[in-house]
Amino acid sequence: MTEIVEIVEEVARRLADPAEVARVASVNKDRLLDGRQPLVWHAMSLNEGYLGVALLHSELGRRESAHAFLAAAAGSQAGRHGLIDGLPALLFATRAAVTRPGDYAGLLARAEPAVRELIKQRAEDETHRGEVRFSAYDVIEGLTGLGRLALSYGDTEPLAYLIALTEPSSANVPGWLVTHASVRGAPAGEGHFNLGLAHGIPGPLALLAIAHREGFRLPGHEEAMERIATWLLEWAHDGSWPHIVPLRQQLERAVPAGPPIRPAWCYGAAGVARALFLAGQALDRPEWREAALLGLRTALARPWDEWGMVDAGLCHGWAGMLHITCRVARETGDEALLEAADRLAGRVAGEFRPEAPFGFRYSATGGAEVAPDRVGLLEGAAGIALALHHYATGRPPATGWDAALLLD
């Protein structure tokens with residue numbers, strides 16, 4: 001445990017200076033299979049921006065450091081607006097930094113009404129669009145992520161959109177069918193259903209569950225949760241879930257085949273299990289909770305070297321599996337999961353690289369060339385340190401940082 005605490009402290013030390021962080025991270029570019037070379041750094045972002053680092057310092061109680069990164073983000077321009085990027089992300093990180101009355105009163109007074117109006121307008125626009133896209137409903141850009149922030153103000157427009165999304169478009173075709181490609185640059189095909197927490201229907205299930213738990217209950221709310229959970233359980237296979245279900249497979253009710261996919265937050269058993277577990281808690285459905293536990297236990301029972309993990313990050317690496325396993329283990333007292341969390345923490349700590357600027361290196365599968373030195377919440381050092389800190393303290397996050405991942 002001492003080693004883990006020291007790693008968290010060392011990562012925070014390396015992420016102490018906004019100018020130095022930006023100098024190293026702001027030149028990062030990825031080279032993707034379709035030839036694009038996107039710039040990874042977005043200053044006003046929880047992922048690969050100042051705001052994920054601000055979350056880490058806030059969670060560690062380092063007010064001055066958190067303030068420095070919030071100030072740097074507030075002075076930058078946003079290219080897009082979702083829970084992870086732009087003004088909503090700035091609002092989320094600022095709220096997490098508040099420790100006493102009056103903190104950031106001026107910034108909050110300006111940002112809150114603007115973000116609330118932005119979210120309401122997005123919900124209205126998507127309701128009338130007539131086409132479902134990841135960016136309409138997902139955690140990263142869409143109304144699931146924005147809806148988690150909206151709950152703080154009692155705004156339920158995103159919930160109403162997501163409940164309507166679950167209405168079948170026709171016999172045996174759930175309403176969350178998307179017709180664009182699952183990966184940019186790939187053929188669109190005839191459409192598919194996404195099963196990842198990051199971009200798929202588990203995200204809306206998690207938000208609907210959290211909202212129900214907190215007393216926000218709209219017409220059709222429980223029925224929507226029932227539709228999603230039942231559908232997810234139908235596509236469970238060997239304790240895992242596929243990335244997507246093509247429309248043809250849905251219509252033919254074809255049984256999933258192939259080996260289990262990587263049990264990560266973004267796609268796979270970890271994220272889906274957490275969504276099902278939250279839903280089972282909210283509606284007191286023990287069979288959903290047990291399915292979630294089975295998914296985690298089954299994934300953990302497989303040889304870990306066969307998981308396909310190639311980095312330590314929260315998104316699709318070891319830290320994501322650690323944090324979800326740790327969360328569920330402590331909420332249930334499950335001894336097998338508690339023991340697995342100890343081993344996962346050791347695995348994450350073993351990924352620390354003293355020679356790396358921020359202590360951890362990012363990698364990816366599929367042949368893409370990615371920038372390795374990342375700082376943010378989803379793929380970078382700040383998120384890994386947050387997961388390790390949560391494990392080491394044994395307490396729920398003081399700032400509620402994992403709400404940005406729809407984990408609570």
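Q: How many salt bridges does a search of the whole structure find?
A: It turns up 31, with a salt bridge taken as a side-chain nitrogen of Lys or Arg within 4 Å of a carboxyl oxygen of Asp or Glu. Keep in mind that this is a predicted model, where local features need pLDDT of at least 70 and side-chain atom pairs count only at pLDDT 80 or more, while totals for chains, interfaces and linings use all residues. Residues are numbered from 1 along each chain as its sequence is written, and side-chain values use heavy atoms, with hydrogens and water left out.

Q: What makes R213 and E214 a salt bridge?
A: Their closest N and O atoms are 3.3 Å apart, and that falls within the 4 Å cut-off, so the pair qualifies.

Q: Why is R213 called partly exposed?
A: Buried means under 20% relative accessible area, exposed means over 50%, and partly exposed is what lies in between (1.4 Å probe, protein chains only). R213 comes out at 39%, so it is partly exposed. Its partner E214 gets that label too, at 36%.

Q: How do you know that R285 forms a salt bridge with E287?
A: The closest N and O atoms of the two are 2.7 Å apart. R285 is partly exposed at 22%, and E287 is partly exposed at 39%.

Q: What makes the meeting of D305 and R347 a salt bridge?
A: The N-to-O distance is 2.7 Å, so the cut-off is met. This pair ties together distant parts of the chain, 42 residues apart: D305 sits in the loop between helix 14 (286-301) and helix 15 (318-332), and R347 sits in helix 16 (residues 335-349). Helices here are DSSP runs of H or I with at least four residues, strands are E runs of at least two, and both are numbered from the N terminus.

Q: Is D305 buried or exposed, and how do you know?
A: Exposed, because its relative accessible area is 67%. R347, at 29%, is partly exposed.

Q: Which residues are linked in a network of salt bridges?
A: The network takes in R148, R213, E214, R274, R327, E331, D402 and D408.

Q: Why is R327 called buried?
A: Its relative accessible area is 8%, so it goes down as buried. R327 lies in helix 15. Setting aside neighbours within four places in sequence, R327 is in contact (heavy atoms within 4.5 Å) with R274, H390, P396, P397, D402 and D408.

Q: What makes helix 15 largely enclosed by the rest of the structure?
A: Twelve of its 15 residues are buried, so that description fits. W318, M321, L322 and I324 are among them. The cover over the buried residues includes helix 13 (269-282), helix 14, helix 16 and helix 17 (381-393).

Q: How do you know that the reach of helix 15 is close to the expected one?
A: From first C-alpha to last, helix 15 reaches 21 Å, and 21 Å is what you'd expect at 1.5 Å a residue; the expected span is 1.5 Å times one less than the number of residues. Just after helix 15, G333 takes a positive phi of about 75 degrees.

Q: Why are helix 3 and helix 4 called roughly antiparallel?
A: The axes of helix 3 (residues 50-59) and helix 4 (residues 63-74) come within 8 Å and cross at roughly 160 degrees. Axes are lines fitted to C-alpha atoms, for helices over the stretch in contact, with angles from 0 to 180 degrees between N-to-C directions. Angles under 35 degrees count as roughly parallel, over 145 as roughly antiparallel, 65 to 115 as roughly perpendicular and the rest as oblique. So helix 3 and helix 4 are roughly antiparallel.

Q: Why are helix 11 and helix 13 called oblique?
A: Their axes come within 11 Å and cross at roughly 140 degrees, so the pair lands in the oblique class. M225, A229, L232 and L233 in helix 11 meet V272, L276, A279 and A282 in helix 13.

Q: Why is H212 called buried?
A: H212 has 4% relative accessibility, so it counts as buried. It belongs to helix 10 (residues 202-213). Beyond neighbours within four places in sequence, H212 is in contact with R217, H221, E222, M225, A282 and L283.
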